[in-house]
Structure formats: structure tokens, C-alpha cells
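I opened my notebook to look up a few things in this structure. Come along and follow my entries.

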Amino acid sequence: MLLERIDHVGYAVADLEEAVRHHERLYGGRVVHREAIDSDGVAEALVAVGGSYIQLLAPTRPDSPVARFLDRHGPGVHHVGYGVADVAGALERLRAAGVRPLDERPRPGSRGRMVAFVHPRDALGVLVELVEDRPGPPR
Ligand code: CO
């Protein structure tokens, strides 16, 4: 199986701190990582769930993809991140199967991991993120 595990489920939220408090209060969740990814226009907080995460994503500017998602759909599940051994190899295999990935090649994502996204049209309506299961090159 190309997808080795569920790395995280990404939630689009309007207010990051409120979403963090929600997970703390209801589930006793704990934020284990915070990061702003300027190229994507998002701030994120990762809440650990076993070996996986809930990735809370809030827009940092009005034209970010997460801002557009919130405008269209409101808050909710935004994407699922799957751990793979080799993102570049996974992209190659998907392309050979007729998939047109949103990212032509792997790029740095959260936690310094290399990632690539697959459009929902090629993934049963779900935005899929491939996350390499080893640290990427230093930024
Ligand atoms: Co993600």
C-alpha cells in the first residue's frame, strides 16, 4: 500500500486559538507543534492523537487557500495527510495512473517534511496530502 499511515487530518478553522481550546477542553488535547507557513498563508497547531495529529489550520491572509475554503464551505475537514516512504516516488506512481497532482514535485510542508497534494477530483472528493515519513532537507 502506497499510503502507509494516517499522518494527520487537517481542519480548516477561522480562529486557531479557539480551535486549540476546543481540543484541550473537550478531549484533553495537547498542542505539540505550531508553525506558520507563509507560502500557504496558514498558521497551524498540531494536536497529538496517538501517533497522528489533528492539524488545525487558520488563514493568515484573505487570499490563502484555507481562507477560500472557509468562504465556500465554512469550517470543517480540509484534507487528510497520509504518510508515505517517498513522496517523489508516490507522485510518479500516481501520475503514471493518470492523476494530475497539485504539486509537480515535493515541497517543504509542516514540520520540515516534504509534501505534495492531490486534487480532490482525482481522490474521491478528498484533498489528499502525501507526507514523507522522514525529515526533509534543512530550510
Ligand atoms: Co496537512
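**Entry 1: alanine 96.** I asked whether alanine 96 is buried or exposed. Its relative accessible area is 71%, so alanine 96 counts as exposed. I note for all my entries that the model is a predicted one. Alanine 96 sits in helix α3, which covers residues 87-96. I also looked up its distance to alanine 67: the two are 29 residues apart in sequence, and their C-alpha atoms lie 32 Å apart in space.

**Entry 2: helix α2.** Alanine 67 took me to helix α2, residues 65-73, where Val66, Ala67, Phe69 and Leu70 are buried. Why do they lie on the same side of α2? They cover an arc of only 160° around the axis, and that puts them there. Asp71 and Arg72, on the other side of α2, are exposed. Next I checked what covers the buried residues of α2, and found β1 (5-12), β3 (42-49), β4 and β5 (76-84) among the elements that do. After α2 comes glycine 74, with a positive phi near 80°.

**Entry 3: the cobalt ion.** Which protein atoms are donors of the cobalt ion? I found His8 (NE2), Gln55 (OE1), His79 (NE2) and Glu129 (OE), at 2.0 to 2.1 Å from the ion. The angles among the 4 donor atoms run from 89 to 178°, and the site is irregular. Along the chain, the donors follow the spacing H-x46-Q-x23-H-x49-E. Glutamine 55 in strand β4 (residues 52-59) and glutamate 129 in strand β8 (residues 128-135) are 74 residues apart, a pair that links distant parts of the chain. Glutamine 55 has 3% relative accessibility, so it counts as buried. Glutamate 129, at 4%, counts as buried too.

How values were computed:
Residues are numbered from 1 along each chain as its sequence is written. This is a predicted model: local features need pLDDT of at least 70, side-chain atom pairs count only at pLDDT 80 or more; totals for chains, interfaces and linings use all residues. Side-chain values use heavy atoms; hydrogens and water are left out. Donors are N, O and S atoms within 2.8 Å of the metal (3.2 Å for Na, K and Ca); water is not among the atoms, so sites may look incomplete. Four donors count as tetrahedral if all angles lie between 85 and 135 degrees; four count as square planar and six as octahedral if opposite donors are over 155 degrees apart and all others between 65 and 115; anything else is irregular. Helices (H or I, at least four residues) and strands (E, at least two) are DSSP runs, numbered from the N terminus. Buried means under 20% relative accessible area, exposed over 50%, partly exposed in between (1.4 Å probe, protein chains only). The arc is that of the directions from the helix axis to the C-beta atoms. Contact means heavy atoms within 4.5 Å.
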